[in-house]
Amino acid sequence: MSTSTSTPTQEPPKPTGLVMQIIIRRDLLTVHKWPIGPLLAQSAHAATAVLHRYRDHPDVRRYLEGEDGRGWEGMRKVVLEVQDESSLKEITTKIDNLSNPIPYHLWVEQPENTPTALALIPNKRPKQLKKILDEHCKLFE
C-alpha cells in the first residue's frame with residue numbers, strides 16, 4: 001500500500017487591481033502596411049519605457065513586486081487600438097487634462113518620428129480614464 005503526502009491547498013493571492021493599458025495605432029497595420037512583428041515591438045517598447053521611466057512610482061513598484069505576492073506573474077495588461085495618430089495624440093491630451101493625470105509614455109519610432117504606441121503606468125482605471133478609453137479605443141483584435 002502506498003501513501004502520499006499532500007500539501008494543503010493555499011488560496012491564490014488576490015490581484016492588486018492594477019492593469020497597464022497599451023494603445024496601438026490600427027492604421028499602422030492596415031493603411032501603412034507595417035508587418036505584425038514590428039507593430040508588436042512598438043507595444044513592447046512603450047511598455048518597457050513607461051515601466052522604466054516611472055520605476056519609482058508607487059503603483060509601478062506594486063505592479064512589479066506584486067502586492068499579492070505573485071510578482072510578475074500577477075501582471076495584467078490590456079492592448080487597445082485607436083484608428084490613427086491623431087486619435088492617439090488626442091488621448092494623451094485628454095489624459096494630461098485629467099484632475100489626476102495617469103503617467104504614460106508615448107513611444108515615437110525613430111528615425112521616422114512616428115508616434116506608434118502609448119503605455120500607461122499600471123492603474124486601477126479610474127472613472128475619468130475609463131471614459132476616455134471607452135470613447136477612443138477598442139480591444140486590439
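Trainee: Which strands does helix H2 lie across, and at about what angle does the helix run to S3?

Mentor: This is a predicted model, and in it H2, residues 36–53, lies across S1, S3 and S4. Its direction makes an angle of about 135° with that of S3.

Trainee: How do you know that the length of H2 agrees with what a helix should span?

Mentor: Take 1.5 Å times one less than the number of residues. For the 18 residues of H2 that gives an expected 26 Å, and the end C-alpha atoms are 26 Å apart, so the two agree.

Trainee: Which residues of H2 are buried, and what do they pack against?

Mentor: The buried ones are Leu39, Gln42, Ser43, Ala46, Ala47, Ala49, Val50 and Leu51. They pack against strands S1, S3 and S4, and also against helices H1 (27–30) and H3.

Trainee: Let's step back to the whole chain. What is its make-up?

Mentor: There are 5 helices and 5 strands, and along the sequence they come as β-α-α-α-β-α-β-β-α-β. The chain has 141 residues, of which 40% count as buried. About 8,900 Å² is exposed, with 53% of that supplied by carbon and sulfur atoms.

Trainee: What share of the contacts joins residues 24 or more positions apart?

Mentor: Of the contacts with a separation of 6 or more, 74% are between residues at least that far apart in the chain.

Trainee: Now the sheet. Why is its pairing called mixed?

Mentor: General point to start: strands pair through backbone hydrogen bonds, in either a parallel or an antiparallel sense. Here S1 pairs with S2 (residues 77–82) in the parallel sense over 6 bridges, but with S4 (residues 114–120) in the antiparallel sense over 3 bridges. S2 and S5 also run antiparallel, joined by 2 bridges. Pairing takes at least two bridges, so that last pair meets the cut-off. Both senses turn up, and the 5 strands form an open sheet with mixed pairing, in the order S3-S4-S1-S2-S5.

Trainee: What makes S3 and S5 the edge strands?

Mentor: Each of them, S3 (104–109) and S5 (138–139), pairs on one side only.

Trainee: Which residues stand opposite one another across these pairings?

Mentor: Between S1 and S2, Ile22 is opposite Val79, and Ile24 is opposite Glu81. On the S4 side, Ile23 of S1 has Leu118 across from it. Leu80, for its part, stands opposite Leu139 in S5.

Trainee: How do you know whether S1 is enclosed or open?

Mentor: Count its buried residues: 6 of the 6, at positions 20–25, so the strand is largely enclosed by the rest of the structure. Both faces are covered: Met20, Ile22 and Ile24 are buried on one side, and Gln21, Ile23 and Arg25 on the other.

Trainee: What makes a set of residues a nonpolar core, and how many does the largest one here have?

Mentor: The members must be buried residues of the nonpolar kinds, joined through side-chain atoms within 4.5 Å. The largest such core has 30 residues, and those with the most contacts inside it are Met20, Ile23, Ile91, Ile95, Leu118, Leu120 and Cys137. At least two core residues come from each of S1, H2, H3 (58–65), S2, H4 (85–96), S4 and H5 (127–136). H2 gives the most, with 5 residues. As a general tendency, nonpolar side chains in soluble globular proteins are buried together.

Trainee: What does Leu118 touch, leaving out neighbours within four places in sequence?

Mentor: Its contacts include Ile22 and Ile23, Ala46, Leu88, Ile91, Ile95 and Leu106. There are polar residues on the list too, among them Gln21, Thr92 and His105.

Trainee: Why does Thr114 count as buried or exposed?

Mentor: Thr114 belongs to S4, and its relative accessible area is 17%, under the 20% cut-off, so it counts as buried. Past its neighbours within four places, it contacts Arg25, Leu28, Trp107, Val108 and Glu109.

Trainee: And why is Glu85 called partly exposed?

Mentor: The relative accessible area of Glu85 is 27%, which falls between the 20% and 50% limits, so "partly exposed" is the right label. Glu85 sits in H4 and touches Arg25, Asp27 and Pro115, not counting residues up to four places away.

Trainee: How many Å separate the C-alpha atoms of Glu85 and Thr114?

Mentor: The separation is 8.3 Å, for residues 29 apart along the chain. For Glu85 and Ala117, 32 residues apart, the value is 9.2 Å.

Conventions:
Residues are numbered from 1 along each chain as its sequence is written. This is a predicted model: local features need pLDDT of at least 70, side-chain atom pairs count only at pLDDT 80 or more; totals for chains, interfaces and linings use all residues. Side-chain values use heavy atoms; hydrogens and water are left out. Buried means under 20% relative accessible area, exposed over 50%, partly exposed in between (1.4 Å probe, protein chains only). Helices (H or I, at least four residues) and strands (E, at least two) are DSSP runs, numbered from the N terminus. Contact means heavy atoms within 4.5 Å. Axes are lines fitted to C-alpha atoms, for helices over the stretch in contact, and angles run from 0 to 180 degrees between N-to-C directions. Accessible areas come from the Shrake-Rupley method with a 1.4 Å probe; for residues, only the protein chains shown count as cover.
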